[in-house]
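User: Please take a close look at a single part of this model and then place that part in its surroundings. I would like one connected account rather than a list.

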Amino acid sequence: MEEILNETVPQSDLEKFEKKYNQELQSGSLTHTTQFEYAWCLVRSNYTNDMKSGITLLEELCKKNPEGKRDYIYYLALAYTRLKEYSTAMKYVQAFLEIEPNNQQVIVLEEYIKKKIDIEGLKGAAMAGGAALVLGGILGIGFALAKK
């Protein structure tokens with residue numbers, strides 16, 4: 001799964017699909033395929049803004065073209081995972097698994113996201129615990145000084 005999530009789009013592909021997308025958009029003949037190809041490139045970019053633009057395009061496609069929803073949902077799950085927005089990614093994974101419950105690639109993605117959520121939870125708990133210790137130490141010193 002790491003390999004899929006770390007895959008980035010070559011700049012030449014991004015430029016090629018962006019050009020095609022803009023040409024079709026300007027001529028008023030934008031196809032679902034072209035929008036998907038461009039969104040697919042954007043969500044595989046190294047840049048957060050590109051990924052967010054790709055997400056917007058994929059979400060539009062979900063509404064406009066239900067026939068391709070399965071693919072759109074998968075790439076939305078990947079994009080949100082790449083952005084470390086795990087709860088949103090999990091919603092898309094669960095939506096995908098409602099359509100295709102035995103898809104092994106998505107099941108592996110679900111497990112990956114669950115591990116990341118657990119790790120983030122542990123980090124949060126450790127930070128909260130550390131903050132509590134620091135606060136307790138400061139209060140202890142304050143009380144000790146107050147007694148003197």
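Analyst: Tyr75 counts as buried because its relative accessible area is 19%, under the 20% limit. This is a value from a predicted model, as are the others below.

Tyr75 is one of the residues with the most contacts inside the largest nonpolar core, a set of 38 residues. The others named for their contacts there are Tyr38, Leu58, Leu76, Val93 and Ile113. Helices H2 (11–27), H3 (32–43), H4 (48–64), H5, H6 (86–99) and H7 each give two or more residues to this core. H5 contributes the most, with nine residues. In soluble globular proteins, nonpolar side chains tend to be buried together.

The ring of Tyr75 also takes part in aromatic pairing. The whole structure holds six aromatic pairs. In one of them, Phe36 and Tyr75 meet edge-to-face, with 5.7 Å between the ring centres and 65 degrees between the planes. The pair counts as edge-to-face because that angle is over 60 degrees. Phe36 sits in helix H3 and Tyr75 in helix H5, 39 residues apart, and the pair thereby links distant parts of the chain. Phe36 is buried as well, with a relative accessible area of 19%. A single aromatic cluster takes in both rings, along with Tyr72, Tyr74 and Phe96.

Leu76 is also among the core residues with the most contacts. Leaving out residues up to four places away in sequence, Leu76 touches Ile55, Leu58, Glu59, Cys62 and Tyr92. Leu58, in turn, is another of the core residues with the most contacts.

Further along, Arg82 also belongs to helix H5. Arg82 is a charged residue, yet it counts as buried, with a relative accessible area of 19%. Apart from neighbours within four places in sequence, Arg82 is in contact with Leu5, Glu7, Thr8, Val43, Arg44, Ser45, Asn46 and Met51. Of these partners, Met51 lies 31 residues from Arg82 in sequence, while the C-alpha atoms of the two are 8.5 Å apart.

Arg82 leads on to the largest pocket, which has about 180 Å³ of space. Its lining has 12 residues, and those closest to the centre are Asn6, Thr81, Arg82, Lys84 and Tyr112. Helices H1 (2–6), H5 (69–82) and H7 (104–147) each supply at least two residues of the lining. H7 provides the largest share of the lining, five residues. By type, the lining divides into six charged, four nonpolar and two polar residues.

Lys84, another residue of that central group, is placed in the loop between H5 and H6. Lys84 counts as exposed because its relative accessibility is 58%, whereas Arg82 is buried. The phi angle of Lys84 is near 65 degrees, a positive value in a residue other than glycine.

For the wider setting, the chain has seven helices and zero strands, and the pattern along the sequence reads α-α-α-α-α-α-α. Of the 148 residues in the chain, 34% are buried, Tyr75 and Phe36 among them. Of the contacts between residues at least 6 apart in sequence, 53% join residues at least 24 apart. The Phe36 and Tyr75 pair, at 39 residues apart, spans such a distance.

Technical notes: Residues are numbered from 1 along each chain as its sequence is written. This is a predicted model: local features need pLDDT of at least 70, side-chain atom pairs count only at pLDDT 80 or more; totals for chains, interfaces and linings use all residues. Side-chain values use heavy atoms; hydrogens and water are left out. On a 1 Å grid over the protein atoms alone, a cavity is a set of points where a 1.4 Å probe fits but cannot get out, and a pocket is an open set with protein on both sides within 12 Å along at least five of seven lines; lining residues have an atom within 4 Å of a point. Grid points are joined across faces, edges and corners, and a volume is the space filled by probe spheres set on the points. Helices (H or I, at least four residues) and strands (E, at least two) are DSSP runs, numbered from the N terminus. A nonpolar core is a set of buried Ala, Val, Leu, Ile, Met, Phe, Trp, Tyr and Cys residues joined through side-chain atoms within 4.5 Å. Buried means under 20% relative accessible area, exposed over 50%, partly exposed in between (1.4 Å probe, protein chains only). Contact means heavy atoms within 4.5 Å. Rings of Phe, Tyr and Trp (its six-membered ring) pair if their centres lie within 6.5 Å; planes under 30 degrees apart count as stacked, over 60 as edge-to-face and the rest as tilted.
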